[in-house]
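Here is a brief report on one protein chain. It goes through buried positions, cores, empty spaces and backbone geometry in turn.

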Amino acid sequence: IPDNQWNLDITAHNKKLYRGIVGNLSKVIGTDAFKPLFNKLCKDERYVGYRLSGRPTGELSEAFFRDLKLTATEGKTVDILVGGYSLADASEIAQRVPELKIIVDHFGGVALNGKPLDPEWVKSFRAVAKHNNVYCKVSALYGRVKKQPAPRDIKFYKEVLDLAWECYGEDRLVYGSDWPVTRTSGDYASVLTLTRAYFDGKGQIASAKLFHQNATRFYGLK
């Protein structure tokens, strides 16, 4: 929990560079500890939202949705890491709190193994994309590959990139570097080059949205 404030503090010296901070409130959401901590963090306008990764056991509680509604009221965002949470959870959250801005990280937890994408996963991916308040982060491309080292051939990733483009279009895709985790599966320069190679083919406007404008709008950055 203190890590949220630490990230704000350690970046405070250069607010022009560190425009926004996404925290992590997975351990306190749905508890009485959430509201006072959240309100304190929001006093810094650079605290744009938080990520949900580790999930409490059992069904998503009414207190959990209470805190998500507070998040939406304050104009903050939620990143969802598929793993502890599922794409079905993301769909439920998007439906029950339609005013909340949600982004699913790392292509919604896709598993890449060189074979066609799992049809059940594709179905869930399409379902969550139908909610207009949900965005998708184009991130961890190498990290989603089961067998490392990850291929450097764009053909290997074309199916998931095509699907993301089809489902979210140019207005709801946001690039994420996943650095420094990227270093565990490949060098950052090559994953950036590969991502550009695909999206440059969609035109200059689409690339500008992916790498800049969509993030600015989603996170409410100045």
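## Val104 and strand β4

Val104 sits in strand β4, residues 101-104. The model is predicted. Val104 counts as buried because its relative accessible area is 0%, under the 20% limit.

What does Val104 touch, not counting residues up to four places away in sequence? The list is Ile80, Leu87, Ala90, Val134, Tyr135, Cys136, Lys137 and Tyr168. Between Val104 and Tyr198 there are 20 Å in space, C-alpha to C-alpha, and the two are 94 residues apart in sequence.

## Nonpolar cores

The largest nonpolar core has 61 residues. Tyr50, Leu68 and Tyr168 touch the most other members. Helix α7 gives the most to this core, with 6 residues. Another core, of 7 residues, lies apart from it. Val48, Ile103, Val174 and Ala215 are among its residues.

## Helix α8

Helix α8 covers residues 188-199, 12 in number. From first C-alpha to last, α8 reaches 17 Å. That is close to the 16 Å expected at 1.5 Å a residue.

Which residues of α8 are buried? They are Ser190, Val191, Leu192, Leu194, Thr195, Tyr198 and Phe199. Their cover includes β5 (134-138), α7 (158-168), β6 (173-175) and α9 (204-219).

## Two buried loop positions

Asn133 is placed in the loop between α6 (119-129) and β5. Asn133 counts as buried because its relative accessibility is 13%, against a limit of 20%. Leaving aside neighbours within four places in sequence, Asn133 is in contact with Ala94, Val97, Pro98, Leu100, Lys101 and Ile102.

Ala140 belongs to the loop between β5 and α7. With 10% relative accessibility, Ala140 also counts as buried. Its contacts, leaving aside neighbours within four places in sequence, are His106, Gly176 and Asp178. Glu170 is 30 residues from Ala140 in sequence and 19 Å from it in space, C-alpha to C-alpha.

## The cavity

Rolling a probe the size of a water molecule over the atoms shows where empty space is left. How many cavities of 30 Å³ or more does the structure hold? The count is 1. The largest cavity holds about 80 Å³ of space.

The largest cavity is lined by 14 residues. Closest to its centre are Ser139, Ala140, Leu141, Ser177 and Val191. Ala140 is the buried loop residue described above, and Val191 is one of the buried residues of α8. By class, the lining of the largest cavity has 6 nonpolar, 7 polar and 1 charged.

## The pockets

The largest pocket encloses about 1400 Å³ of space. Its lining has 35 residues, and Gly20, Lys137, Ser177, Asp178 and Trp179 lie nearest its centre. Ser177 is also one of the residues closest to the centre of the largest cavity. Each of α1 (2-10), β1 (21-24), β2 (47-52), β6 and α9 supplies at least two residues of the pocket lining. Which element gives the most to this lining? It is α9, with 5 residues. The classes are 15 nonpolar, 12 polar and 8 charged.

The second largest pocket has a volume of about 250 Å³. Its lining is made of Lys15, Arg19, Glu45, Arg46, Tyr47, Val48, Gly75, Lys76, Tyr219, Gly220, Leu221 and Lys222. Here the split is 4 nonpolar, 2 polar and 6 charged residues. Val48 in this lining is also listed in the core of 7 residues.

## Backbone geometry

Two cis peptide bonds deserve a look. One runs from Gln148 to Pro149, with omega near 5 degrees. Pro149 is in the loop between β5 and α7. Another runs from Trp179 to Pro180, with omega near 10 degrees. Pro180 is in the loop between β6 and α8.

Positive phi values come next. Phe107 is not a glycine, yet its phi is positive, near 55 degrees. Phe107 lies in helix α5, residues 106-109. At 1% relative accessibility, Phe107 counts as buried. Asp178 is not a glycine either, and its positive phi is about 60 degrees. Asp178 lies in the loop between β6 and α8. Asp178 is also among the residues nearest the centre of the largest pocket, and it is in contact with Ala140.

Definitions and conventions: Residues numbered from 1 in each chain as written. Predicted model: local features only at pLDDT ≥ 70, side-chain atom pairs only at ≥ 80, totals over all residues. Heavy atoms only, no water. Helix = DSSP H or I, 4+ residues; strand = E, 2+ residues; numbered from the N terminus. Expected span 1.5 Å × (residues − 1). Buried < 20%, exposed > 50% of the residue type's maximum accessible area, 1.4 Å probe, protein only. Contact = heavy atoms within 4.5 Å. 1 Å grid on protein atoms, 1.4 Å probe; cavity = no way out; pocket = protein on both sides within 12 Å on 5 of 7 lines; lining within 4 Å. Points joined across faces, edges and corners; volume = space filled by probe spheres on them. Nonpolar A, V, L, I, M, F, W, Y, C, P; charged D, E, K, R; others polar. Core = buried A, V, L, I, M, F, W, Y, C linked by side-chain atoms within 4.5 Å.
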